[in-house]
Structures are given as structure tokens and as C-alpha cells.
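Ready to practise reading a protein model? Take a look at the sequence and the structure, and then work through the exercises at your own pace.

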Amino acid sequence: MPHWLQLMLDSLPTLLWAALIFTVPLTLLSFAFGLAAGLVTALIRLFGPKPLVAVARFYVWIFRGTPLLVQLFLIFYGLPSVGILLDAFPAALIGFTLNIGAYTSEIIRAAIGSVPKGQWEAAYSIGMSWSQAMRRTILPQAGRVAVPPLSNTFISLVKDTSLAAAITVPEMFQAAQRIVATTYEPLILYVEAAALYLALSSVLSALQTRLEARLNRYGGFLEARS
């Protein structure tokens, strides 16, 4: 067996374990919390009072306008200067959540804005309150519009988690770096790590395609959920 192939096979369990224990949980938790933060931020920007709208805009402006790596460094290495100490994984989770929240808020805001005004009027005409109209009429339609860009954001997040290696989170890329430090074979190990990220992204892309096809087939977000 060629040396490079044997090295890949030997390192594969370590990389997969790091992906299972750190990369996947970090991705799922960050996206879930970021999506919730994005929804709240989008609703504030669309319907909130002016002071809260200003705060929401400032939050989006900061986290969309600065590099994610810098944000992670500020949280993990900068906050201890003011007495806030965080372990690597919580620091990465906070950083990714805030970053994803800023981006998803714009996606959700645009999706809600794309729902015709007549849908609001129709909901009010049958006696729905604002919250009922939002929950039963507006968000389901906006969700259908938001699925493709949100899916793309999720797939990008899978790859972006490799940045957590810079703040010592032992995810898949840092696992590859540690193996490189002992084997001195950076090309082989980094190609293997890239292939694993590509495999994850490809699986998610296929799932995204199926989800979008199902939404189009059934004609709506609620029907696809059922």
C-alpha cells in the first residue's frame, strides 16, 4: 500500500472522531442559536421600536462588516482582558452564533418582506391577531423563500468551523494540524481534511436540493413539513 494512502487510512478515525465530537455539534448548535437570533433581530428591524431597531442594525453592521476570525479572537483572546474567561468551545459557539445571527437576520427580513401585503390583510380579515398572522400565514410563506439561502449559510458554516482551530477548539482541521505536527506530511493530511469537508458539504447540498424540490412539489412550507 502506498505511504500516502496508509497515512490517510491511519488518520481517518482521528479526523472523523474530531468531526463527530466537535465539528458537527459546533455547526448544529451555532446554526440553531444563530437562526433564533436572526429571527428575533429580523422581527425587531421590521416591527420593533426605533431604539431597538437601531441596536439591531448596529449588531448586524458589526458582525457582517468584520471578519469572523477577528470576532473569534476578540471573544477568546480579548475578553479575558476585561475579566471574562471562556473555554474554547463556548467562545467559538458564541462567535459563530452571533455571526450567523447577523447574516440570517437579513435573509429572514428579506423573506418576510417578500410576502405580499395582501396576505396580512387576508389574515386580519378573518380575525387573526398580529402574532397569529405572523405564525400561521407570514412565516410559513417566508420560510419557503428563505430555505435556499439559509441552506447555503448552513453549508458555509460547516466549512467555517475550521476557523475554530485558531482558538484551540480540537475540531477536524486542528486534528489534522496535530497529525501534521508529528508526521510532517502537510499535503496529504490537508488534502484529506479538505476531502472530508467536501464530502460533508456535498451531502448537505444533496439534501438541500431534495428539500427545495419537495417544497416546490407541494407548493408550500407547511405542506412540506407535514
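Three exercises follow, each with a worked solution.

This is a predicted model, in which local features need pLDDT of at least 70, side-chain atom pairs count only at pLDDT 80 or more, and totals for chains, interfaces and linings use all residues. Residues are numbered from 1 along each chain as its sequence is written, and side-chain values use heavy atoms, with hydrogens and water left out.

**Exercise 1.** Find Ser105 and decide: is Ser105 buried or exposed?

*Solution.*
- Step 1: Locate the residue. Ser105 sits in helix H4, residues 88-113. Helices here are DSSP runs (H or I, at least four residues), numbered from the N terminus.
- Step 2: Check the accessibility. Ser105 has a relative accessible area of 0%, so Ser105 is buried. Buried means under 20% relative accessible area, exposed over 50%, and partly exposed in between (1.4 Å probe, protein chains only).
- Step 3: Look at the surroundings. Beyond its neighbours within four places in sequence, Ser105 is in contact with Gly38, Thr41, Ala42 and Val60, where contact means heavy atoms within 4.5 Å.
- Step 4: Follow the side chain. The Ser105 side chain reaches the backbone oxygen of Ala102 at 2.7 Å.

**Exercise 2.** Describe how H2 and H3 each pack against H4.

*Solution.*
- Step 1: Start with H2 (residues 50-65). The axes of H2 and H4 come within 9 Å and cross at roughly 115°. Axes are lines fitted to C-alpha atoms, for helices over the stretch in contact, and angles run from 0 to 180 degrees between N-to-C directions.
- Step 2: Name the arrangement. H2 is therefore roughly perpendicular to H4. Angles under 35 degrees count as roughly parallel, over 145 as roughly antiparallel, 65 to 115 as roughly perpendicular and the rest as oblique.
- Step 3: Find the meeting residues. Among them are Val60 in H2 and Ser105 in H4.
- Step 4: Turn to H3 (residues 68-78). H3 and H4 pack at about 135°, with axes 9 Å apart, so the two helices are oblique to each other. Residues making this contact include Leu72 of H3 and Gly95 of H4.

**Exercise 3.** Work out which residues Leu139 touches outside its sequence neighbours within four places.

*Solution.*
- Step 1: Leu139 belongs to helix H6, residues 130-160.
- Step 2: With 28% relative accessibility, Leu139 counts as partly exposed.
- Step 3: Leaving out those neighbours, Leu139 is in contact with Leu39, Ile112 and Met134.

Notes: Polar contact = N/O pair within 3.5 Å; in protein donor to acceptor, adjacent residues only side chain to side chain.
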